[in-house]
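Work through the following exercises with the sequence and the structure side by side. Try each task before reading its solution.

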Amino acid sequence: MRLTVFGVGYVGLVTGTGLAELGHEVLCVDVNKRRVEALDRGEMPLYEPGLSDLVRRNVRANRLSFAASVSSPFEESDVYFIAVGTPRGEDGHPNLEAVFEAARSVVKTAKKPALVAVKSTVPVGTCDHIQTEISGANVRLEVVSNPEFLKEGAAVTDFFRPDRIVLGADSESAQRVLRNLYAPLQLSGERVLVTDRRSSELIKYAANAMLAMRVSFMNELARLCDATGADIHAVRLGVGSDARIGKRFLFAGPGYGGSCFPKDILALTALGRAHGVAMRLTDATHQANEDQLAFVIELVRKACGELKGKRIAVWGLAYKPETDDVREAPSQRIVAALMQSGATVVGHDPEATTNFVHAMKQRQLEVKVEGDSYDAANGADAVLLLTEWRSYRAPNFGKLRERMRGERPLVIDARNVWRADEVEAAGLVYRGLGTRSKRIP
Ligand SMILES: NC(=O)c1ccc[n+]([C@@H]2O[C@H](COP(=O)([O-])OP(=O)(O)OC[C@H]3O[C@@H](n4cnc5c(N)ncnc54)[C@H](O)[C@@H]3O)[C@@H](O)[C@H]2O)c1
């Protein structure tokens, strides 16, 4: 098939490249000319494991190309995917300007009947709205909802082995086209869920909200453990071994971040408000996440005493491992709070330092970063772990101790990945979230 994908961000670039790898002819269109030019030079605009090799291979095979607008022969695409950003807008509602802009581009250029598949996360009713907006096109365009569930850091694997594909399509012909498109992924049975457009749109928000709720609930329990002397590792294992609950997404941390959970939770609350439905749980999830961020800042403050004049190394700046994405990462607000209280912060991250420095500049803060994690800890009073990259899992605490200053330097493990006894054996003071005891494996 001939396919056009709007947006070469985390979703669009992975989708376009994945579809090209399956043998389709794909054009990826982005209004950000710098991104398009970088891709034309063979440079990746973002870090996603395994993606650059795949891009290179498909460009070389002439199945994948990039442009700032739809060009020949892609005015005759079979499907136009919309994978542009839907950032946080007013009152929690997402900003849908880019989605409608992309839809208008399709209307202007499409020369044969086609599907418009919305991969961007959009509120219930948006696809219906787009369908009405584009009804004046010269050719028949049918809007379908095809939400994206990939995880940054594992996006390529998720494209080729998704847990499920959700298709919100009203006509049988549209369903057939999309089923054919995804058939090479060999998903069996209910893993291709075909439904109406509105349910499909809501499934995406419901899935993200459910995951964010688990994170927030465990964070709340970690705070309760901290206050009562219970241990969050034991609680997690005890709760997660219940088959009805499951083990995943039960880890306490500095709060969820990234380009999806924070805005999607607010969007679902706003959607409920617009329809007169009180979304008490999403509202509470957001509040609990805010509280967790404040808790971690307070934890550092209490552990360090006076922050003024203190030097703190922050390991992990991306909102999660294996990505360079720092959008709404807890690191941004935590580092800003520490700096504003007079601490000097030196950051380290395997992939996200450039994006982080840029994001902090937008907050009018100049933050120092180092290319080596131990160098970041030189002369530090505390090391704060915010993202559990694999390369931080087993540090040499003796070496870390030597680099740090003071009698008993601090290690604040906001991901609960280190063992207190191991850290303390090196002459460091350990603080985790809701855990005083050894980690249960
Ligand atoms: N990132 C994720 O993990 C993820 C996962 C699932 C769903 N989503 C959803 O997918 C959508 C895209 O997310 P993302 O993280 O890939 O965004 P992103 O910000 O990484 O990329 C969006 C891209 O769209 C481009 N763009 C904006 N307007 C355009 C237009 N009119 N035409 C062409 N390109 C345009 C931007 O320049 C940018 O390069 C969002 O709705 C998001 O909620 C994201």
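**Exercise 1.** Find which residues threonine 344 touches, leaving aside residues up to four places away in sequence.

*Solution.* Begin by placing threonine 344, which lies in strand S10, residues 344-348, of this predicted model. Leaving out residues up to four places away in sequence, threonine 344 touches Lys310, Arg311 and Ile312. A further step is to look at glycine 309, which is 35 residues from threonine 344 in sequence, while their C-alpha atoms are 6.9 Å apart in space. Finally, threonine 344 counts as partly exposed, because its relative accessibility is 38%, and that class runs between 20% and 50%.

**Exercise 2.** Determine what span helix H11 should have, and compare that with the distance between its end C-alpha atoms.

*Solution.* Helix H11 covers residues 280-304, which makes 25 residues. At 1.5 Å a residue, where the count used is one less than the number of residues, the helix should span 36 Å. The end C-alpha atoms of H11 are 36 Å apart, so the two values agree. Just after H11 comes glycine 305, whose phi is positive, at about 75°.

**Exercise 3.** Describe how the salt bridge between lysine 112 and aspartate 78 is placed along the chain, and then examine the pairs arginine 104 with glutamate 101 and arginine 140 with glutamate 142.

*Solution.* The structure holds 29 salt bridges. In one of them the side chains of lysine 112 and aspartate 78 meet at 2.8 Å, N to O. This pair links distant parts of the chain, 34 residues apart, since lysine 112 is in the loop between helix H4 (97-109) and strand S5 (114-118), and aspartate 78 is in the loop between strand S3 (64-67) and strand S4 (79-82). Lysine 112 is partly exposed at 26%, and aspartate 78 is partly exposed at 23%.

Next, arginine 104 and glutamate 101 form a salt bridge whose closest N and O atoms are 3.3 Å apart. Because these two residues are three apart in helix H4, about one helical turn separates them.

In the last pair, the closest N and O atoms of arginine 140 and glutamate 142 are 3.0 Å apart. Here arginine 140 is exposed, with a relative accessible area of 54%, whereas glutamate 142 counts as buried at 7%.

**Exercise 4.** Work out how helices H8 and H10 pack, and which residues meet.

*Solution.* Two packed helices are described by the angle between their axes and the distance between the axes. For H8 (residues 197-228) and H10 (residues 261-274) the angle is about 115° and the axes are 9 Å apart. The crossing of H8 past H10 is left-handed. On the H8 side the residues in contact include Leu202, Tyr205 and Asn208, and on the H10 side they include Phe261, Asp264 and Ile265. By class, this contact has ten nonpolar, one polar and one charged residues.

**Exercise 5.** Locate the cis peptide bond from serine 72 to proline 73, and the positive phi values of glutamine 186 and phenylalanine 249.

*Solution.* Most residues other than glycine have a negative phi, and most peptide bonds are trans. The bond from serine 72 to proline 73 is cis, with omega near 0°, and proline 73 sits in the loop between S3 and S4. Glutamine 186 has a positive phi near 50°, and its place is the loop between helix H7 (172-182) and strand S8 (192-195). Phenylalanine 249, with a positive phi of about 60°, lies in the loop between helix H9 (232-240) and H10.

Terms used: Residues numbered from 1 in each chain as written. Predicted model: local features only at pLDDT ≥ 70, side-chain atom pairs only at ≥ 80, totals over all residues. Heavy atoms only, no water. Helix = DSSP H or I, 4+ residues; strand = E, 2+ residues; numbered from the N terminus. Salt bridge = Lys/Arg side-chain N within 4 Å of Asp/Glu carboxyl O. Buried < 20%, exposed > 50% of the residue type's maximum accessible area, 1.4 Å probe, protein only. Axes fitted to C-alpha atoms, helices over the stretch in contact; angles between N-to-C directions. Left-handed = near helix turned anticlockwise from the far one by under 90°. Contact = heavy atoms within 4.5 Å. Nonpolar A, V, L, I, M, F, W, Y, C, P; charged D, E, K, R; others polar.
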